[in-house]
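Trainee: Please give a close account of the largest nonpolar core, with every cut-off stated.

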Amino acid sequence: MQLRPLAVCAIVFFTAGLAVSSFAGFREFIPGLLQGAAVTIQITVGGCILAMVMALIAAMAKMYGPLPLRWLAVAYIEVFRGTSALVQLFWLFFVLPHFGILLDPLTVAITALGLNVGAYGAEVVRGAVNAVPRGQWEASVALNMPRALSLRRIILPQAFVAMIPPWGNLFIELLKATALVSLITISDLTFKAQQMNQTTFRTVEIFTIVLVVYLALSVLITVGTRTLETFAARGIARGR
Amino acid sequence: MFWDWNYVWEITPTLLRASVVTIQATLLGFALAAVLGLVLAILRMSKTGWISVTAAGFVEFIRSTPVLIQIFFIFFVFPEFGVVLPAMTAGVIALGLHYGSYCSEVYRAGLENVPRGQWEASTALNLSPYITFRDIIIPQAIPPVVPALGNYLVALFKETPLLSAIAVLELMQTAKILGSQSFRYVEPITLVGGFFLVMSLIAAAFIRQVETYLNRTLRNPGGAR
């Protein structure tokens, strides 16, 4: 993702949004939208953590697990990559209560999005682990390291560096997917926007501000990923 | 009783009818995305600074914001400027716009992979930029990126349930209506999930076929084995 055009258009949109809304009394929208943004951030962070955990577990199970576990991992990855995030969200929200599992909407949201992105992440982890040169495995065998130890100490730290850019993209996908949770009655940014739109009819201002907020959060993720990337790459360079 | 087969047979015809709308939205949205993506990719390669920066900024902006908000924006905000669109049209435009900006990156990769010598040869033969693009560059740039475009077709297909948010009667919306009529959500939503899974797996297999076919033909232009 290129940063400069993004920053340019962020500024253009922000000033345009400000210009449109300054004479429309947009201050009244700000507190509500900030509350919504806080929920959006909460779900994004929760979903990211769950996604990373699930991705690591699923990738390890698919690559090194015993056969039944491997099938389970493949099924998980294919099902969550093969169906829509919205269908998964609705499925957890409407169907689980029939089985007597009552979760509050926020938990459902974090679970559904985390599992969805985790399935994509599992393939990222797998690709990154496979991209570590075979010689590293052979060297660990020569040094008489057990498989688990060489995976943990040698392979995964190197794979981690290759994983950062695709994970950055997945986090942005997750952020964008959090807009869906407004459809299961969570008052995130999108929900607040719709609510305010129905009460104030200031459609243009509200949706422009919301777009800018999402853009700002995306840019934040991009900048964070870039920083982590240079930081991690420096570690590798020193190690070599 | 968690799963009622009688109910499943009862709602299947309704869901199948709704799946037609889903497939329509997918195909129309992707047709728009394919054309728009190419236009954006070419604009982004423009030598005029402000054109390429505007196109790049537009693509990054669309890619960084949720498609649901874009759907709402087109459906709720455009009428303020006098552009009133039916829900289906607004949804298709939003999906086409969103995936068009993804596709533009794919096209750009394809266009940049065409060797520079092809451009130089076209200049040497005194071909106009339009002819160069149409007859020399695009025929070489598109086939290698078809599988990547196919992946976005599947991704777009999986985003169509979002149209239920603006009350397009596609698969998800129909399932929700069926669920609210009978208070049984298990069957309709599971069936919808199953439909998407099956369609995505078939599409993924088909894309793999296309990929192997293209790899074969691209390595042997003219079809010689």
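Mentor: A nonpolar core is here a set of buried Ala, Val, Leu, Ile, Met, Phe, Trp, Tyr and Cys residues joined through C-beta atoms within 7 Å; buried means that 20 or more other C-beta atoms, placed from the backbone, lie within 10 Å of the residue's own. The model is predicted: local features need pLDDT of at least 70 and side-chain atom pairs pLDDT 80 or more, whereas totals for chains, interfaces and linings use all residues. Residues are numbered from 1 along each chain as its sequence is written, with chains lettered from A and ligands numbered from 1 in the order in which they are written.

The largest core comprises 119 residues, and Leu89(A), Val210(A) and Ile71(B) have the most contacts inside it. Its main contributor is helix 5 of chain A (residues 105-131), with 13 residues; helices are DSSP runs of H or I, at least four residues long, numbered from the N terminus. Leaving aside residues up to four places away in sequence, Ile71(B) touches Ala90(B), Gly91(B), Ala94(B), Leu162(B), Ala165(B) and Ile166(B), contact meaning C-beta atoms within 7 Å.

Between the chains, 33 residues of chain A are in contact with 34 of chain B. Helix 9 of chain A gives the most to the side of chain A that touches chain B, with eight residues. That side divides into 23 nonpolar, nine polar and one charged residue, where Ala, Val, Leu, Ile, Met, Phe, Trp, Tyr, Cys and Pro count as nonpolar, Asp, Glu, Lys and Arg as charged, and the others, Gly among them, as polar.

Terms used
Buried ≥ 20, exposed ≤ 12 C-beta atoms within 10 Å, placed from the backbone. Helix = DSSP H or I, 4+ residues; strand = E, 2+ residues; numbered from the N terminus. Contact = placed C-beta atoms within 7 Å.
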